Each structure stands twice: as structure tokens, then as C-alpha cells.
Amino acid sequence: MNRQIKILGIVIMLCYLAAFLKLNQIQVLQAGAYNDRPENTRAQLRDFNKPRGDIVTAEGEIAATSEVVRSELRYQRVYPDGELFAHVTGYYSFRLGSTGVERVYNAELTGRTPSLQLHELSGFFADQSSEGDVVLTLRGQVQRAARDALGGNNGSVVALDPRTGDVIAMYSNPTYDPNVISANQGEEAVDVKTLLDAAPSKPLLSRAYQERYFPGSTFKIVTATAGLTSNKVTETTPDYPVVQSYTPPLTTRPIKNFDGNLCGGTLFVILQKSCNSSFAQMAAETLGPDPMIAAAEAAGFNDAPPIDLTRPATSVYPTNFGAVVSTPEGAAPVYEDTPALAQTGIGQNDVAATPLQMALVAAGVANKGRIMVPHVMSEIRARDGAVVGSYADSPWRDSMSPENAEILRRGMISVVTDGTASILALPGFDVGGKTGTAQLGLDPPQSHAWIIAFAGPTGQAPTIAVAVMVQGVDGASGSTGGRVAGPIAKQVLEAALMPG
Amino acid sequence: MTITESATHQQVVVKALGRRRRTTELGLLILAVLVICGTYALASLGKSASLPADIVPFLGVIVALPILAHLANRKFAPTSDPLFLPLAALLNGLGYVFIARLDGDLAGLQALWTAVGIFGYIATLIVVRDVRFLQRYRYTFGLIGVLLLIMPLLPGIGRSINGSRIWVSLGPIGFQPGELAKIALAIFFAGYLVDRRELLGVATFRIGRINTPDPKYFAPILVAVGFSLIVMVFEKDLGSALLFFVLFIVMLWVATGRGSYLAVGVVLFSASSYAAWRMFSHVQTRVTIWINPWSDPSGKGFQVIQGAYALAWGGTTGTGPGLGIAGRIPADESDFIFAVIGEELGLLGVTAVLCAFLLLAGSGLRVAQRSSDPFSSLLAVGLTTLIAFQAFIIIAGVIRLLPLTGVTLPFVSYGGSSLVANYILLALLIRISDQTARKIPEPLVAR
């Protein structure tokens, strides 16, 4: 029997060896793959049982913090200002996941970045944990001004520093209370989320960077940029005819000026009066598709801005206008879709932009043609207050040459001093702007009211660029943008430039 | 040297051997107790950042029970192998720590069952003073085994829990008679095979071109095994059925040395597995989940998937006792306790568990090999096979090496019947080991 017993011993050993090898596979070789499987919530569960850093505004006001609760999940996320920063901080829920800064900076908030862990090690004897606080570029005061100015309107306000890309304020209406969605106790959070997801007004999406709208006349800054960059438009030439409407080639449908006004002239004049006829003609006949596409893409269209938030929308400018139909002398070739091209020149047709994108257009003008990467994080701090990392500002796009930017800067200032954006005038500051009224339909007349602007102390470089969009307001006259969006932008500029 | 002198000399040698072995056992027991206490304190610190309030009664139980068994060894089986008890105490203690970490109420019960198990162990040592006593009553044990197996199927006392009808309730006490039936049937097989192994080993009967032993000699075994398997298929206890098949084939092969039994066994097993797969939906489910648990991740595959996640989360060194995410895996205190250990002690911890079982199996087989008495030897093989393969079947099920079949991890899992049965099984191995050492102490002393 001894031979059999020996063999039996070997067989048992082989069985256990197989188990050992399989355990190596599960626990070492493929452990990462198992941990990363979507339905494996262990990593999340760990995060919800560890302290998490705060999200604070530039002034140090707490926008998100974690409270210890007596439940299976030890920490509950709390947002003291409710909906105020909802679309920036996002929410942080065990069951519903996370968005915004909570998601993008999860590694920093949970303390898993090398710099935070190194810092923890350096304070080894101080008994501190490694989670980090995220300091935002947003200023609570300006954010509140944006919320109050927008009031009950659906729409969005974006304010940023054109020199750095720091987002100073970013508010969107309607919004939601992240406290409710982040609640880990009870079933209410799931119900509320379902309700919010189904709501036609999409309150969970930020109108500032996740939704696109016709930019209307604010897009004329891009059209003007295309003219200047291609050298086909200067401050003095061409002098567009003073007309009530312009009818592009290949169509009989005229593009009318607002309220049937007579409008036309050189660049600054048509900017001040926001002449549809002139900019449509500029796009269709002076420029043609290629300079328009180039200028739009140089300003950031057709590419999602690399902002440090979740799922930013890509603003769109069409890139295909069909084949060349004819090549008239002294004008751009006529394409199959030149009528559409003419409409894109005034920010209609297939042009769609986020308010963030239009703020970046203004920022490019304000910052010598250089658009900086927009961002909401300024610093990462350890719990003891030590700064362990800060956002490295970097350029995103060169929308135009510094010379052309200077021309447009003066042009936009003239829109405030002598044009449709006069409401923005602030004593002691150079303010430039451009209004927009993106028509949605005429029966009943409805439009998105827009304004983009920049401002800085007189004679100095602008320190703020803003975009205000009020969605679906009644009326579609040339003054709608300045009348509705203008006061909102002004209040935001005042809050940012004249604090106190 | 006269015969009396020689006998006295032998007594002296046996005594010296006994003293040495018991000292070794005590030393190893102390080591095991230290490991368990350390893990217990760490698990409590990890869970609630404080030392457990019940550390003193815990220490009492954890120290007193194995020491009690150790004293019983000194008295009733002084020359037995010193590895068995420390290994069992280590596994039992480790299991207890993790049960306490998962569910305090169950831990109290498990402590109680451990006490019952230790008393069962001592009682077995006292009652079975000579293994041949078991050989004499082999048919009685066969009958007892069969009766124990059918008990859960009897109306009135049989209970179905979690889909398996393997429970019996007598008044307030519920237990799984199948755990004891395994031992009884192992005794029966050993006795029967020793009687017939000469005959079974000789081919006298021809089927076509194949020589086989006369069918009448292995008919009773086939009947017993077939009966057990049928019962277990009806009780839906696939793990035990598998274990039985392995036990039967291994013992038959070890007794006769005929490879053809292995071949016939494998064919028979494959055929019956296929039949079971065709006939029973719960068998099909097990196989489907084994092949791809992600086909139903939140339903039937949930347990296996969560087990794998726990193991993966533990990685090489584990999260640390008490720091894992417990309470996610169904049956985490019984069938899936291995996954919990894997999460909190990591690959290192589960490898230690594997080694403990391997050492236990090795000790058992060494006893079988040393014994000059065929019955003792064969019984030791059977008992070792039970422990080694039961542990392997559940571990392999948890890590998806084999389809999952619910059996307990011997000594580690929560479960009174299993614990008591395994301590009785251990006592039998100790008895065989002691008897073997008394008979031929010289070569052992020389080692």
C-alpha cells in the first residue's frame, strides 16, 4: 500500500499547488483587473470610509466638505451652499457616482497622489492623513453675484481671467442641490436623480460648459477675426453697404437686420450696430469658408475645451460647405452652401457654442490673441495648509495675432462706448463687449440673449472676460441681448472688479 | 536480554518518545495560540480601533481548550504525532477570529461548538482505545453511516436550508448528520476493503478481454456508494457527493493497488457527473457560473464574483485583519471564509492556510505509511483524504478552480456539525498514530 500512499501524497500536493497558482493569478497578476471592474464597488467603499478633503473657493469659503455620520459609510459629503457651486463641485454619491471636481480631483481629495503621500510621510509623527483640499479659482462673491443677477432666468454666466484661464465664476440655471443627490442614507437620492434626469430643463447639466446654443451676434467677433487674420478686412476696408438686408448668392431669402434697420459701414461701425447684413456678406463674399473655419477652430470650436470638469461639450462650427459653384471676380468663390455660410457669419445655422466657449472668444481678444486653458482648480493643499501642488497655467489656442487682437479689443470697447453694449460702461475701467440675440423663431418671437465682454482698469490689460447667456427669452429685436444679458454681465463685472 | 527485559526496555523507549512528542506539541500549540491571539487583537483594532472587551474570556477559551486536548493526548495517546493538534488549533483559532470579526453572535456559538468538538475529541480518545475495535464493528458503522445519510430525507426531522436538504432538527438542536456519516463510512470502507483486498486485487472474472475481480466482491461497496450518491443528489449536496466519490475511489485504489479501479472510477464519475448535469438544473447552474460567473453578476454569480473581488482586493499582503470590507459575500462565515481570510491576510495568509492543510494531510499519510496494520493504515488514508479533499473542494470552488459545491472548510468554517466531526476524525488519526508508535518505536526514536 505504501506506493499508493506516496502517490496519493503527490496528488494532494499537486492539487494544493494548483490552488496556490490560481490564488497568485487572482490576488497578484489579475488583482488590478478585478479591482477595476465596474460592478466592483470596493474602491468606492474604501473612499467612503476615509476622510476626504474639502473643496474651497479662492476666498477660502467651503464649497464641499465631509461629515462623519453613524452609518455603514462613515463619511457623508455636504455642500454648505447647496446649489451655488453644484455644477462645479459636482456631487459625490456612493450609489450614483460623482461628477465635476469631486470626480476629476478624486485622487487629490482622497490623498492618493504622490505629492500628497510624500507630504504625509514628511509629517510622519504628526499623525495626519493624506487627503488634500482642492482650492478653486472661483470667487464666492462673484459666483453669488452671477446667481443673483441671473435670478429666475434659465441661462448661464461664465467669468474667467483671460491672462491665466482661472474660472472666476460659473453658474447655470436651473441647477440642483448636490446635498440631496449625495445623501447616502435613504432612497430619496435615487428618486431625485431619476426625476432630475427626466426633467426637460436638464438641471443636472451645466449650461455653462455642457450645453450648446446658437451664439448669435456674439459670434461676429469670430467672423471679424477671420476677416482680420485673412487680411481681407481692416479697420477701414471694406465699407459694407448700408442696407436693410443682404441676400446671399444661390438663394432668395434675405438676411435681415434687426427690426428692419438700415445698417452698414466699416468694421467698428458694423460691430457697434451689430449689422447682420454686413457680417453675413463678410462671411459669404469677402472671406469664404476656409478663413471662417480656420478662425472658428483657432478660437476653440470643434474641440472640447480641456477644462478640469466632467464632460465639457464641444462647440461646433460647420466644416463642409459643399463644392464650388462659381468663382466671381473680386469675391470669395460661391459654394453650394454659401447661403448657410452667410448665416454662420452671424452665429446662426449650424453654429453652436457653450457660454464657456464664447467667454474664451472674449478672453482671446483680451489676452493678445492667446486663449489660456480654462480651469477651476488653483491649488491642492494638504490638511495642514501646505500647498502641495498648483495649476500650471498654459495656453490652449492662439485665436489671432496680437496686432489683430488689439484692433478687436478697441473694436469691442467701441461697442460699449458707442454701440449696443453701452450698458456695460464702468467708470475707471476699459470695458469691451458684444451683444447677441440668437433668434429661435418668430412665432412667438423668442431668442437667446447673449453678451460677451472683457474689462480691466483703464489703460491696463483686461483682467476678466465674461459670457452671459439667457435662454429662450421673449422678443427677438436687436436690443434683446444688451437689454436682458447686459445688466447681468454688468453686475458680475462689478462684483469682480469692485469687491466690497 | 530476556523477554521481560526487552519489554521493559521498549516501555522506557516509548515513554521517552511520548515525553518528547508531547513537549513538541505543547511548544507548537503555544505558537499557534500566539498567532491566533495576535490576529484577534489586530482584527479588533482594525475594526473598531480598540482592543476587544472580551479579550480575557477569549484568551481563556483559546488557551484552555487546546491545552485540555493536549492533556488528553498526554494521558490517552502519549506517543501520537505532535503536529495534528497544533495544526487543528491554528486553523480552528484562525477561523474563530474571522467569524468573530464578521459576526459576534456566531462567534459565541462557534466557541461553544469548539468546546463540544474538543470534548468529542477527548471522548473518542477514551472510547476508542484500540483501532481494531472499529474494525470489529465495520458493518455497524456502515449501517450507521447510511442511516445518518438518510436522516435529512426523513419527513418530520429533515430540514432544507439554502436549497440543500442536509439538516436534521431534533428539538432545538439542528445538525448535519452527513458530517458524521463520512467518518462512519470511511471506517466501513476501511474494514470491508481490508477483508476483501486480496480478492479485489486479483482478476478472476473476464468481461470480454478485460480481467476484473468477481463482481460479487465489490457489489456491497458499489451499493453503499451508489446509495450515498443518490441520497446526496436528492439532498442536493454536491460537494459531499464529490467528496464521497473521491474517498471511495482513493480507498479502493490504495487497498488494491489496481489502476483499473481508478480508470473505472474516473469513467463512472464522468458519466454520473454528465447525467447529473443533464438531469438537475442546480447542477447546470453551478457549471454555468463556474465557466462564466459574469453571466449573472448580481444573481447566481454574485457569491463567486464577490469572493474573487475580496481575494483580489487583498492582494499579496492583505488589507490587514479587520480592515477588509466584510459582509459582502453570502456565506462568508462558512463556505466563503477562505475569501475573507484572503482579503484580510492576503496571498501570504491563504498560503499559510494551504500549508496547514498540506501539513495535516502529510502527517495523516505518514501515519498511514508507518502503520503495519492494514486496517489502521487504510483508515488513516481515508480520514486524511476526507480532510485534505474537503478543504481542496471548497477552496477550489471559491477560487473557481472547480465548480462551487458547498462544503465547509474543515476546522475553519463556522458550523457545529463540521467542527465536532472533524475533531472526532482528528482523534481517530491521533489514536492510530499513537498505536503505531507504540508498536514500532525504534525507528522513530532513531530519527
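**Figure 1. B:Arg366 and its salt bridge with B:Asp81 in the predicted model.** B:Arg366 has a relative accessible area of 29%, so this residue is partly exposed. Its partner, B:Asp81, counts as buried because its relative accessibility is 3%, and the limit for buried is under 20%. The closest N and O atoms of B:Asp81 and B:Arg366 are 2.5 Å apart. B:Asp81 lies in the loop between helix 2 (55–76) and helix 3 (84–102) of chain B, and B:Arg366 lies in helix 13 (residues 337–370) of chain B, so the salt bridge ties together parts that are 285 residues apart in sequence.

**Figure 2. The salt bridge between A:Glu131 and A:Arg383.** In this pair the closest N and O atoms are 3.4 Å apart. A:Glu131 is buried, at a relative accessible area of 5%, whereas A:Arg383 is partly exposed, at 39% relative accessibility. A:Glu131 belongs to the loop between helix 7 (114–122) and strand 6 (132–136) of chain A, and A:Arg383 to the loop between strand 16 (377–382) and strand 17 (387–390) of chain A; the pair therefore ties together parts that are 252 residues apart in sequence. Both residues also belong to a network, joined by salt bridges that share partners, of A:Asp54, A:Glu131, A:Asp133 and A:Arg383.

**Figure 3. A:Arg52 with A:Glu102 and A:Tyr92.** The side chains of A:Arg52 and A:Glu102 meet in a salt bridge, with an N to O distance of 2.8 Å. This pair links distant parts of the chain, 50 residues apart: A:Glu102 is in helix 5 (residues 100–104) of chain A, and A:Arg52 is in the loop between helix 3 and strand 1 (55–56) of chain A. A:Glu102 is buried, at 0% relative accessibility. A:Arg52 is also buried, with a relative accessible area of 3%. The charged end of A:Arg52 sits over the ring of A:Tyr92, 3.5 Å from the ring centre. Over all chains, a search of the whole structure finds 26 salt bridges.

**Figure 4. The stacked rings of A:Phe219 and A:Tyr317.** Over all chains, the count of aromatic pairs comes to 19. In the pair of A:Phe219 and A:Tyr317, the distance is 5.5 Å centre to centre, with 10 degrees between the planes. This angle makes the pair stacked because planes under 30 degrees apart count as stacked. A:Phe219 lies in the loop between helix 10 (188–198) and helix 11 (220–229) of chain A, and A:Tyr317 in the loop between helix 14 (289–298) and strand 13 (324–326) of chain A, so the pair ties together parts that are 98 residues apart in sequence. A:Phe219 counts as buried at 0% relative accessibility, and A:Tyr317 counts as buried at 1%.

**Figure 5. Aromatic rings in chain B.** The ring centres of B:Phe133 and B:Tyr137 are 5.4 Å apart, and their planes are at 65 degrees, so this pair is edge-to-face. B:Phe133 is partly exposed, with a relative accessibility of 29%. B:Tyr137 is partly exposed as well, at 37%. Ring pairs also link B:Tyr139, B:Phe188, B:Phe189, B:Tyr192 and B:Phe248 into a cluster.

**Figure 6. The interface of chain A and chain B.** How many residues does each chain bring to the contact? Chain A gives 35 residues and chain B gives 48 residues. The area buried between the two chains is about 3,700 Å², and carbon and sulfur atoms give 71% of this area. A:Tyr16, A:Gln27 and A:Arg42 supply 24% of the area that chain A buries against chain B, more than any other three residues.

**Figure 7. The salt bridge of A:Arg42 with B:Glu343.** Across the interface of chain A and chain B there is one salt bridge. In the salt bridge of A:Arg42 with B:Glu343, the closest N and O atoms are 2.6 Å apart. Eight residue pairs are in polar contact across this interface, with both residues at pLDDT 80 or more. On the side of chain A that touches chain B, two or more residues come from each of helix 1 (2–29), helix 2 (31–35) and helix 3 (42–48) of chain A. Helix 1 of chain A gives the largest share of this side, 22 residues.

Conventions: Residues numbered from 1 in each chain as written. Chains lettered and ligands numbered in written order. Predicted model: local features only at pLDDT ≥ 70, side-chain atom pairs only at ≥ 80, totals over all residues. Heavy atoms only, no water. Phe/Tyr/Trp six-rings, centres within 6.5 Å; stacked < 30°, edge-to-face > 60°. Helix = DSSP H or I, 4+ residues; strand = E, 2+ residues; numbered from the N terminus. Buried < 20%, exposed > 50% of the residue type's maximum accessible area, 1.4 Å probe, protein only. Lys NZ or Arg CZ within 6 Å of the ring centre and 35° of its normal. Contact = heavy atoms within 4.5 Å. Buried area = accessible area lost by both parts, 1.4 Å probe. Salt bridge = Lys/Arg side-chain N within 4 Å of Asp/Glu carboxyl O. Polar contact = N/O pair within 3.5 Å; in protein donor to acceptor, adjacent residues only side chain to side chain.
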